[in-house]
Amino acid sequence: MDFGLQGKKAIVLAASKGLGKAAAEALASEGCALAICARNAEPLQKTARAINKQYQVPVFTGTVDIHDKTNLESFLEESIGKMGGVDILVTNAGGPPVKGFEETTDEEWAYWYEITFMGVVRSIRKVLPHMKKQKFGRIINITSISVKAPVERLIYSNALRLAVVGLAKSLSAELGPLGITVNNVAPGYHLTDGLERIVRKRVEGGESREAVFAQWENKIPIRRIGRPEDLAFLIAFLASERASYITGTTIQVDGGLYSGTL
Ligand SMILES: NC(=O)c1ccc[n+]([C@@H]2O[C@H](COP(=O)([O-])OP(=O)(O)OC[C@H]3O[C@@H](n4cnc5c(N)ncnc54)[C@H](OP(=O)(O)O)[C@@H]3O)[C@@H](O)[C@H]2O)c1
């Protein structure tokens, strides 16, 4: 299927590794120019070079901490300037730590609110004038399966990500008449450095690596951990011309893990 993405301009946040990187690759493979960011310059440059080499699309980079408002906003402005516009925004960031409620602090709640929610708000605010002017835009937020069902000991993710879902649904009504769609994707378990950190934490707590994976895989009807590209294919589709009638949704990519009917 031709996704109609050739020559479109996409910003993908937190994209040197993992799900963000896979989203950037999927968009590049469809012919999008890219602007990607992360905090650490070296892996970011490596990813940018690899994508540019493989897909022959321009890849702009910014060393950005999404927690830093000025840093994030400058990156967005510069990216839009360098690409000559923006058609697609994929929001993403590092995930909050594994914590139960009684381990949380006000400082951490505020920190993860800034990253998980305000990072999305600020990014959308920057791309919106451009998308409105051209009467076309695709906003896709990478959230988590935790928005469908809370994940044990991921209290920050379980609570804060629902604000993103509420924001996206509200915006879909406001922005639909302007040709801009807003959707969330909700990954289950995908093999990335981020997931490896959760595995390490459980191994430190006394479980074996094999037991952790076996426990997850047995709960997943497709019986395997996801690959980053399993999520990225959906992101590329939602970014495409073909998805112009899909907005305000939250779609899980979890091998069937979520057990609710709707
Ligand atoms: N993998 C899964 O199974 C899964 C499932 C559900 C939800 N998620 C969520 O999806 C998101 C991505 O997960 P992942 O597994 O791909 O993580 P990952 O493998 O750790 O990759 C995270 C990426 O984000 C960048 N990053 C992290 N914090 C950042 C910040 N403050 N500012 C800018 N860039 C930042 C990292 O680069 P730097 O470290 O250099 O900044 C890296 O490129 C997370 O929010 C995670 O909780 C993941």
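These legends describe close-up views of a predicted model.

**View 1. The ligand and its shell.** The shell around the ligand holds 29 residues, and S16, L19, A93, H190 and T192 come nearest. By class, 11 of the shell residues are nonpolar, 12 are polar and six are charged.

**View 2. Polar contacts to the ligand.** Two side chains and one backbone atom are picked out here. In the side chain of S16, an N or O atom sits 2.6 Å from a ligand oxygen. N40 also uses its side chain: a polar atom there lies 2.8 Å from an oxygen atom of the ligand. G95 contributes through its backbone, with a polar atom 3.3 Å from a ligand oxygen. On its own, the ligand has 880 Å² of accessible area, and the protein covers 91% of that.

**View 3. Helices and domains around the ligand.** Helices α1 (18-29) and α6 (193-204) each supply at least two shell residues. The most come from α6, which gives four. Domain 1 (9-188 + 227-253) and domain 2 (191-225) both give residues to the shell, so the ligand lies between them.

**View 4. Strand β6 and its partner β5.** Strand β6 spans residues 180-187, and eight of its eight residues are buried. Its residues point two ways. I180, V182, N184 and A186 point one way from β6. T181, N183, V185 and P187 point the other way. Both sets are buried. Strand β5 (residues 137-142) pairs with β6 in the parallel sense, over six bridges. In this pairing, I142 stands opposite V185 of β6.

Methods:
Residues numbered from 1 in each chain as written. Predicted model: local features only at pLDDT ≥ 70, side-chain atom pairs only at ≥ 80, totals over all residues. Heavy atoms only, no water. Near = heavy atom within 4 Å. Polar contact = N/O pair within 3.5 Å; in protein donor to acceptor, adjacent residues only side chain to side chain. Areas by Shrake-Rupley, 256 points an atom, 1.4 Å probe, with all protein chains shown as cover. Nonpolar A, V, L, I, M, F, W, Y, C, P; charged D, E, K, R; others polar. Domains from an automatic or database assignment. Buried < 20%, exposed > 50% of the residue type's maximum accessible area, 1.4 Å probe, protein only. Pairing = 2+ DSSP bridges.
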